[in-house]
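Hi everyone, thanks for making time this morning. Please have a look at the sequence and the model on the screen, and then I'll walk you through them.

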Amino acid sequence: MPQKLKAQSAVTIPRDVNDATLRFGRREVALTNLNKLFWPDLRITKRDLLQYYADVADVLLPHVKDRAMVMKRYPNGAYKEFFFMKRAPTPRPEWIELCTIHHSSGNVIDFPMIQDVPSLLWVINLGCIDLNQWYARCDDVDRPDYLHFDLDPVPGATFDQVLESALVVHEALEKLRMPSFAKTTGSRGIHVYVPIVRGPTQKDVWTFAKALGLSVAAQNPKLLTAIYKTANRPKGHVLVDYNQNAWGRTLASIYSVRPKPRAPVSTPVTWREIERGLRIEDFRIDNVPARVRKLGDLWKPLLARTGRVRLEKYL
């Protein structure tokens, strides 16, 4: 029988059982297969993954709350096959909040939302390693509150070129008096985000991102490309991917663990750190919680009501 434990404000995932149920007031979260190895080479278990998310929940939750969550499930660990799941599975706890989104195809999909620690642990227990939330909040899914650029190396490009590209994009945004914030993707690149006042549609945001992406690529032809067709991208360049701003797309969230060797984490970094140089593998499941305790949430300004860009004047 699963062990039932009363969860405290600092949640501890039990180590001595394979299944457990955590209680949060009247709500219960069943956790299963805690001993399953998700990174066999690192001896990192599903339990370790759940504990990581519990440890960073205070800084993670404000960035994903009230947003539809696309589930990317790895039931057998980071190196095995995965599948995407949009509809909240049934059966599920009655307290899981849903975001109902109507698609142009006529489909109506009830996405789960991660609103608190219990719903966070419930989603991770399904085998989700990283989190992929919508750019717009559920009360208006067509109007995001940030835009972003996904800087991804084309084969032949180095990560140092990715860092250089991030600084180029940062400088271009500064010239427009737009604040920008960077994080490692946890995979191969850097994400650059700009907080905006909600108002422009997702299509408007995509249109601006495309124009700026094409512009910075044209001004830095030896470093950057904005060519979307994979076969046509020049080798040894960094892609300024603006298309990720399209409606319905998602990126791995801040503080997401990625299903890659060494269990890297998509981690907010300062522009000074990018200037000095860093590596994706510097930020991992085993050291990011300590970084958060020391530095707090470097992306807290992305949540603030002030300091946001009114994108309308650039459209």
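I'll go through the sheets and hairpins, then the cores, two single residues and a cavity.

Some housekeeping before we start: this is a predicted model, where local features need pLDDT of at least 70 and side-chain atom pairs count only at pLDDT 80 or more, while totals for chains, interfaces and linings use all residues. Residues are numbered from 1 along each chain as its sequence is written, and side-chain values use heavy atoms, with hydrogens and water left out.

Let's begin with the sheets. When I say helix or strand, I mean DSSP runs numbered from the N terminus: H or I of at least four residues for helices, E of at least two for strands. Two strands pair if DSSP finds at least two bridges between them.

One open sheet has six strands in the order 14-15-11-13-12-17, and its pairing is mixed. At its edges are strand 14 (224-225) and strand 17, each pairing on one side only. Strand 14 runs parallel to strand 15 (residues 238-241), with two bridges between them, and there Thr225 sits opposite Leu239.

Another open sheet has four strands, ordered 7-6-10-16, with antiparallel pairing. Which strands stand at the edges of this one? They are strand 7 (83-85) and strand 16 (251-252); each has a single partner strand, so one side of each has no neighbour in the sheet. The partner of strand 16 is strand 10 (residues 132-133), paired antiparallel over two bridges, and Gln133 has Leu251 as its bridge partner.

Now for two hairpins. Strand 2 (residues 20-24) and strand 3 (residues 27-31) are antiparallel, with five bridges, and Leu22 stands opposite Val29. Two residues separate these strands, and Gly25 in the turn has a positive phi of about 65 degrees. The second hairpin is strand 8 (residues 98-102) with strand 9 (residues 108-112), also antiparallel over five bridges, where Thr100 faces Asp110. Here five residues lie between the strands, and Gly106 has a positive phi near 100 degrees.

Next, what is covered and what isn't? For that I use relative accessible area, with a 1.4 Å probe and protein chains only: buried is under 20%, exposed is over 50%, and partly exposed is in between. In strand 2, four of the five residues are buried. In helix 2 (residues 117-125), nine of nine are buried. Among the elements covering helix 2 are strand 2, strand 3, helix 1 and strand 9, with contact meaning heavy atoms within 4.5 Å. Just after helix 2 comes Gly127, with a positive phi near 100 degrees.

That leads us to the cores. In soluble globular proteins, nonpolar side chains tend to be buried together. A nonpolar core here is a set of buried Ala, Val, Leu, Ile, Met, Phe, Trp, Tyr and Cys residues joined through side-chain atoms within 4.5 Å. The largest core has 94 residues, and Leu121 and Val257 touch the most other members. Helix 1 (residues 46-64) gives the most to this core, with 11 residues. A second, separate core has nine residues, including Ala68, Cys99, Met113 and Trp134.

Back to Val257 for a moment. Beyond its neighbours within four places in sequence, its contacts include Trp39, Ile129, Asp130, Ala263 and Pro264. Next along is Arg258, in the loop between strand 16 and strand 17 (268-269). Is Arg258 buried or exposed? Arg258 is buried, at 12% relative accessible area. With the sequence neighbours within four places again set aside, Arg258 has contacts that include Trp39, Asp130, Thr185, Gly186 and Ser187.

For contrast, take Thr158, in the loop between strand 11 (146-153) and helix 3 (159-175). Thr158 is partly exposed, with a relative accessible area of 39%. Thr158 and Gly236 are 78 residues apart in sequence, with their C-alpha atoms 7.5 Å apart in space.

Last stop, the cavity. On a 1 Å grid over the protein atoms alone, a cavity is a set of points where a 1.4 Å probe fits but cannot get out, and lining residues have an atom within 4 Å of a point. Points are joined across faces, edges and corners, and volume is the space filled by probe spheres set on them. There is one cavity of 30 Å³ or more, and it holds about 30 Å³. Its lining includes Tyr255, Arg291, Val292 and Leu295, and helix 6 (residues 288-295) supplies the largest share, three residues.

That's my tour; thanks for listening!

Technical notes:
On a 1 Å grid over the protein atoms alone, a cavity is a set of points where a 1.4 Å probe fits but cannot get out, and a pocket is an open set with protein on both sides within 12 Å along at least five of seven lines; lining residues have an atom within 4 Å of a point.
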